[in-house]
Amino acid sequence: VVSESMLEEKRNNFIMAIHQEKAAIGVAYADISTGEFFTTHYPQNDLVSLNDILLRVMPAEIICEKDMKDTLDALPVNKIVALPEFQIYATSAFETNNAMASVKKQFGETALSVFDINEMPVAVQACGALLAYLYDTQKTALMHITHIEKLNESRHMLLDITARRNLELVETMRNRKYKGSLLAILDHTSTSMGGRMFRSWLEQPLKDAVEINARLDSVEE
């Protein structure tokens, strides 16, 4: 969905692709309306981190391979929040060569080194499959998607499901409404872009004091 009339202007509309191979999990997600594109990977079948990123990103659509669907359906996050049904997408799109071809087609031949994802093969596979899906559904060039941002999740505090619900960050615990949440109280941003950034900051608290103080100084200025 890209029509502005159908989107919440201060919330990203992310679509996510998830791929698992040899106990490693690759994740890629994008907002086609803004051009944002992110990726990360989790070694050793780290379902806790996968559960966390699903809760944090709350994608509007999720694609995966058939073999991955049962694993995703069993994640604890499904019992807490209303995630969209995991949609099965063509296995061929996740295959290494096809995925790399999609990434290089979109971002150039040197994309893997430019975006520092050479050592993240499962993430590259997720990126490639997501791009293939976007090409299939949008039927147009994605010229505004110009770079991949590799997530550095060590920068952010890990908040589990219980903490997020009790803190009522973006919705109330009793009736799951935006009104009355911490975000509703604090968000005085004037633009949809600012609103999306503010929400992202609230859902992903920084851990480094230098970064925190730099952000506070910027807001004060």
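Reader: Is Thr91 buried, partly exposed or exposed, going by its relative accessible area?
Author: Good place to start! In this predicted model, the relative accessible area of Thr91 comes to 42%. Buried would need a value under 20%, and exposed a value over 50%. Thr91 therefore counts as partly exposed.

Reader: In which helix is Thr91 found?
Author: One helix covers residues 91–94, and confidence in the protein is highest there, at a mean of 96. Thr91 belongs to that helix, which is helix 4.

Reader: How far apart in space are Thr91 and Lys66, C-alpha to C-alpha?
Author: Along the sequence, 25 residues separate Thr91 and Lys66. In space, the distance from C-alpha to C-alpha is 7.8 Å.

Reader: Where in the protein is confidence lowest?
Author: Let's begin with the whole protein: the average pLDDT is 89, and 95% of the residues score at least 70. The lowest confidence has a mean of 82 and falls in residues 77–80, which form helix 3.

Reader: How many disulfides does the count come to?
Author: Two cysteine sulfurs must lie within 2.5 Å to make a disulfide. The closest cysteine sulfur to that of Cys64 is in Cys127, 16 Å away, so the pair is too far for a bond. Looking from Cys127 leads back to Cys64, again at 16 Å. The count of disulfides is zero.

Reader: Is Cys127 buried or exposed?
Author: The cut-off for buried is under 20% relative accessible area. Cys64 has 0% relative accessibility, so Cys64 counts as buried. For Cys127 the relative accessible area is 0%, and therefore Cys127 is buried.

Notes:
Residues numbered from 1 in each chain as written. Predicted model: local features only at pLDDT ≥ 70, side-chain atom pairs only at ≥ 80, totals over all residues. Heavy atoms only, no water. pLDDT = per-residue confidence, 0-100. Helix = DSSP H or I, 4+ residues; strand = E, 2+ residues; numbered from the N terminus. Buried < 20%, exposed > 50% of the residue type's maximum accessible area, 1.4 Å probe, protein only.
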